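Here is a quick tour for anyone meeting this structure for the first time. Have a look at the picture, then read on.

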Amino acid sequence: MILLTGATGFIGHYVSQKKLQIKYAVRDNDASLTNSFVIKALDSKTNWQGAFNQIDSIIHLAGLAHSHRFTCDDYQSVNVDGTLHLAREAAIAGVKRFVFVSSIGVNGTATQQVPFSVDSEPAPHNAYAQSKYDAEIGLKKIADETGLEIVIVRPTLVYGPAAPGNFGALTRLVNKVPVLPFGLVSNKRDFISVQNLADLLVTCVNHPNAAGHTFLASDGKAVSIKDFSNAIAKGLNKQLIQLPVPVWCMRLAGKLLGKSIMVEQLVGDLEVDSSNAQEVLGWLPPYTMQESMHSLLENNQ
């Protein structure tokens with residue numbers, strides 16, 4: 001049986017739909033989850049007594065997402081201390097495997113010619129990414145000390161119906177505005193659909209060779225923001241016009257408006273080499289971007 005933390009979140013919802021035996025670790029007692037374990041908070045003092053009965057593996061999704069609302073101390077308390085406390089308690093209880101969902105932000109944000117790989121030097125670019133990296137380091141130490149099998153997954157931007165963050169904002173924009181300024185943008189960015197990520201996480205739980213590995217998760221094909229937003233429009237059955245605005249103009253506007261980071265996330269490059277998931281696990285994304293985007297319309301109706 002799998003213990004799934006963050007079960008009521010965006011990714012957790014899709015993992016829950018898999019045909020698995022799951023116990024849900026949640027903060028609020030959700031009547032729709034028939035086999036749940038309620039915790040008051042995720043930190044170094046969380047009471048996990050009774051949570052690991054019949055549990056073989058854990059998929060750990062719970063934590064604080066990237067937001068200006070949280071401080072470094074917040075991230076340390078939840079993403080680092082809470083994660084490591086959970087792993088230690090799980091190891092003591094005899095849990096075999098711990099799948100930790102980290103972030104591609106651990107690798108950095110730099111636009112570079114060579115895609116990030118599992119061998120790239122980590123370069124966390126903000127407090128959120130640093131907390132994920134610190135948790136990774138701590139988990140590997142726990143693995144060395146206890147034998148708990150650690151699997152780390154660093155997803156690129158996760159997209160899908162009801163996605164939060166940047167993808168959700170872009171989807172709402174495409175749904176309301178028929179014109180975007182990406183006609184001249186030919187950047188290369190990797191993404192992963194929530195359906196593909198859920199499938200990869202389940203594979204990481206079950207595959208005997210996954211233990212000890214770090215996987216950079218993507219759909220396996222980098223696309224431009226122009227093609228990505230066009231795919232969103234097609235998924236929503238919307239017509240979209242892409243205006244030929246020079247990239248330097250968008251970067252200048254971002255600088256003047258104090259939105260440089262947001263603009264760079266749209267027009268900059270971020271490629272990853274996710275081939276080790278195929279090499280180690282034999283895993284390939286089961287859904288194309290077009291197939292994944294098709295579910296947007298169902299959620300929008």
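## Starting from one residue

Let's begin with Ile59. Setting aside neighbours within four places in sequence, Ile59 is in contact with Ile2, Leu3, Leu4, Thr5, Val15, Val99, Leu201 and Val205. Keep in mind that this is a predicted model.

Ile59 also turns up in the bigger picture of the interior. The largest nonpolar core has 57 residues, and Ile59 is among those that touch the most other members, together with Ile11, Leu201, Phe228, Ile232 and Met293. Which helix gives the most to this core? That would be α5 (residues 194–206), with seven residues. There is a second, separate core too, with 29 residues, including Ile55, Tyr75, Ala87 and Leu139. As a general point, nonpolar side chains in soluble globular proteins tend to be buried together.

## The sheet

Now for the strands. Seven of them make an open sheet with parallel pairing, in the order β3-β2-β1-β4-β5-β6-β10. At the edges stand β3 (36–38) and β10 (214–217); each has a single partner strand, so one side of each is left without a neighbour in the sheet. From one strand to the next, the twist averages 20 degrees.

Let's walk across, starting from the β3 edge. Strand β2 (residues 22–26) pairs with β3 in the parallel sense over three bridges, and Val26 stands opposite Val38 in β3. Next, β1 and β2 run parallel and are joined by four bridges, with Leu4 opposite Tyr24 in β2. Four bridges also join β1 to β4, again running parallel, and here the bridge partner of Leu4 in β4 is Ile59.

Carrying on, β4 and β5 run parallel with four bridges between them, and His60 has Phe100 in β5 as its bridge partner. Then β5 and β6 pair in the parallel sense over five bridges, where the bridge partner of Phe100 is Ile152 in β6.

## Covered on both faces

In a regular strand the side chains alternate between the two faces of the sheet. Is β1 covered or bare on its two faces? Both faces are covered: Ile2 and Leu4 are buried on one side, and Leu3 and Thr5 are buried on the other.

Strand β5 is mostly covered as well, with five of its five residues buried. Arg97, Val99 and Val101 point one way from β5, while Phe98 and Phe100 point the other way.

## How the chain crosses over

Helices link some of these strands. β1, helix α1 (residues 10–16) and β2 make a β-α-β unit that is right-handed. The chain also goes from β4 through helix α2 (residues 72–92) to β5, and this β-α-β crossover is right-handed.

## Helix α5 up close

Back to α5, the helix that gives seven residues to the largest nonpolar core. How much of α5 is buried? Eleven of its 13 residues are, so α5 is largely enclosed by the rest of the structure. The buried ones include Val194, Gln195, Asn196, Thr203 and Cys204, and Leu201 and Val205 are also buried.

Does the length of α5 fit, and what numbers tell us? At 1.5 Å a residue, its 13 residues should span 18 Å, and the end C-alpha atoms of α5 are 19 Å apart, which agrees.

## Two lysines away from the strands

Finally, here are two loop residues. Lys238 is found in the loop between α6 (225–235) and β11 (241–242). Its relative accessibility is 35%, so Lys238 counts as partly exposed. Not counting residues up to four places away in sequence, Lys238 touches Val174, Asn175 and Ala233. Lys238 and Asn175 are 63 residues apart along the chain, while their C-alpha atoms are separated by 6.9 Å.

Lys40 lies in the loop between β3 and β4. Is Lys40 buried or exposed? With 79% relative accessibility, Lys40 counts as exposed. The C-alpha atoms of Lys40 and Asn79 are separated by 15 Å, and these residues are 39 apart along the chain.

Technical notes
Residues numbered from 1 in each chain as written. Predicted model: local features only at pLDDT ≥ 70, side-chain atom pairs only at ≥ 80, totals over all residues. Heavy atoms only, no water. Core = buried A, V, L, I, M, F, W, Y, C linked by side-chain atoms within 4.5 Å. Buried < 20%, exposed > 50% of the residue type's maximum accessible area, 1.4 Å probe, protein only. Contact = heavy atoms within 4.5 Å. Pairing = 2+ DSSP bridges. Axes fitted to C-alpha atoms, helices over the stretch in contact; angles between N-to-C directions. Right-handed = clockwise from strand over helix to strand, strands pointing away. Expected span 1.5 Å × (residues − 1).
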